[in-house]
Number of protein chains: 2
Amino acid sequence: MAPPSGRTIPDATVARLPIYQRVLGELQDRGAATVSSEDLAELSGVNAAKVRKDLSFLGSYGIRGVGYEVDYLLFQIRNALGLTQQWPVVIVGVGNLGRALADYAGFTSRGFPVAALVDDDPAKVGTEHVGIVIRALSELRDVVRDLDVAIGVIAIPASGAQRVADLLVEAGVSSILNFAPTVLSVPDGVNLRQVDLAVELQILSFHRRHRNRERGAVDPAAESNPRR
Amino acid sequence: MAPPSGRTIPDATVARLPIYQRVLGELQDRGAATVSSEDLAELSGVNAAKVRKDLSFLGSYGIRGVGYEVDYLLFQIRNALGLTQQWPVVIVGVGNLGRALADYAGFTSRGFPVAALVDDDPAKVGTEHVGIVIRALSELRDVVRDLDVAIGVIAIPASGAQRVADLLVEAGVSSILNFAPTVLSVPDGVNLRQVDLAVELQILSFHRRHRNRERGAVDPAAESNPRR
DNA sequence: TAGATTGTTAATCGATTAACAATC
DNA sequence: TAGATTGTTAATCGATTAACAATC
């Protein structure tokens, strides 16, 4: 009954909690009071046993014979994820991707308000995007301090990413989300996640190829070895 | 010596092949002829034993005492991923995210040229973005047929995503990359991958919270239970 | 009480990693 | 031959899932 104490939530479970959170939010909007693991699983695209196991790591928040109270479970998931408060983010790089992220409603609505935009192009500094003034890279430290920024988002080309990561760490952010296709190194204690948009396409490409293989389709590009 | 025949490459390995590919590409640009599993691991941010195991699923392409020939290994990885040919993509939704994706150099340079842009806003249809004319949603089938499109990218809000997915499937694409934060259902035989930009922030938030916990920091937001 | 659904167990499967024989 | 590095084994760890007792 008490919230789990020793606790360690497996990584695989942590990665699914945001999905449950989103689905529960939709259920809440539709006015659902409770949901069974079966239904939550269906809506989330996973196995029902997995849902129950995942939720059991948070504590014992279901009611046997009934299901889970939507409001209550949503609160507990938000709590586990640390989303009962807002975490302002700074986006570094106001190119196409940076602008898309700044406009992306999903950030603010899910607890990550875009507090600041930063770019090193003098032509952009001082202009506004969606009501946020673009600041210079040299102001990063002040921006992070003044706006209480916890998370830095890197939305610039790979070549400058490590330098920006270093600046973000110096400026005091504790977490970095990197969209540049390059492996970054950060000090211990700084959380780092990497998203590579093209990687997803490459994985798709692999699966596409193998689905076709199974069906006996011929893939001419797959044959022939080059030199050596 | 012969390319592996029975083959099944584990999912975890498939997910890392694009990383090795990118790192090998950088090594190639720098003129490196060979690379050891130790160095490739370091540059990719993984364990050296894992690199060797991953690569062994593709075949036996290393040279003991020497390492891996960069060019040859790169070819074999591209081959395994099905990237020895180009896979044109169509991007549905020319909002901020769609435009960012269309401009993203990483797509074209890694074998996924943006063949077409599609939007259902009449004001956008017929205009150009980065040299590509924006077509109407109703033309999707023609676009896919005429431009030999294999992959559809969904870059619209969640509410319309399932309908667009259905249209893409009808139009004949075999793979879908979905950026809308909603679970899609597609027929068997269609490959689907989901990217949720906010999910990454939420996972970061969790890890941030627990790093702090370990250090004995107090998190006021974590306490107190709501009603019930 | 009967029906429904959770929380947990235990079996299974897949992924990681150190260690080392094979071999360049 | 000596040194380096692969490819593979085997031990370990973590994730998934069916099954079911507990209980609303």
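Start by selecting B:Arg64 and DNA strand C: a polar side-chain atom of B:Arg64 sits 2.8 Å from a base nitrogen of that strand. Keep in mind as you click around that this is a predicted model.

Stay on strand C and pick B:Lys50 next. Here the partner is the backbone of the DNA, with a polar side-chain atom of B:Lys50 lying 3.4 Å from a phosphate oxygen of DNA strand C. Then hop over to A:Tyr68, where an N or O atom of the side chain is 2.7 Å from a phosphate oxygen of DNA strand C.

Now colour by secondary structure. Which elements give two or more residues to the surface near DNA strand C? From chain A, you should highlight α3, β2 (62-63) and β3 (67-69); from chain B, add α1 (11-29) and α3. The top contributor is α3(B), which supplies four residues.

Widen the selection to everything around strand C and you get 26 residues, with A:Ser37, A:Gly62, A:Tyr68, B:Arg16 and B:Arg64 coming nearest. Colour that set by class: eight nonpolar, nine polar and nine charged residues. Flip to the DNA side and look at the strand C atoms within 4 Å of the protein: 65% of them belong to sugar or phosphate, and the rest are base atoms.

Time to switch strands. Select DNA strand D and zoom in on A:Arg52, which has a polar side-chain atom 3.4 Å from a base nitrogen of strand D. For phosphate contacts, go to chain B. B:Ser60 places a polar side-chain atom 3.1 Å from a phosphate oxygen of DNA strand D, and in B:Tyr68 a side-chain N or O atom is 2.7 Å from a phosphate oxygen of strand D.

Bring the cartoon back for the elements giving two or more residues to the surface near strand D: α1 (11-29) and α3 (48-56) of chain A, plus α3 (48-56), β2 (62-63) and β3 (67-69) of chain B. Which element gives the largest share of the surface near DNA strand D? That's α3(A), with four residues.

For the last stop, select the full surroundings of strand D. You'll pick up 26 residues, the closest being A:Arg16, A:Arg64, B:Ser37, B:Gly62 and B:Tyr68. By class they come out as eight nonpolar, nine polar and nine charged. Among the strand D atoms within 4 Å of the protein, sugar or phosphate accounts for 65%, and bases make up the rest.

Technical notes
Residues are numbered from 1 along each chain as its sequence is written. Chains are lettered from A and ligands numbered from 1 in the order in which they are written. This is a predicted model: local features need pLDDT of at least 70, side-chain atom pairs count only at pLDDT 80 or more; totals for chains, interfaces and linings use all residues. Side-chain values use heavy atoms; hydrogens and water are left out. A residue is near a molecule or strand if one of its heavy atoms lies within 4 Å of it. A polar contact is a pair of N or O atoms within 3.5 Å; within protein, one must be able to donate a hydrogen and the other to accept it, and residues adjacent in sequence count only if both atoms are side-chain atoms. Ala, Val, Leu, Ile, Met, Phe, Trp, Tyr, Cys and Pro count as nonpolar, Asp, Glu, Lys and Arg as charged, and the others, Gly among them, as polar.
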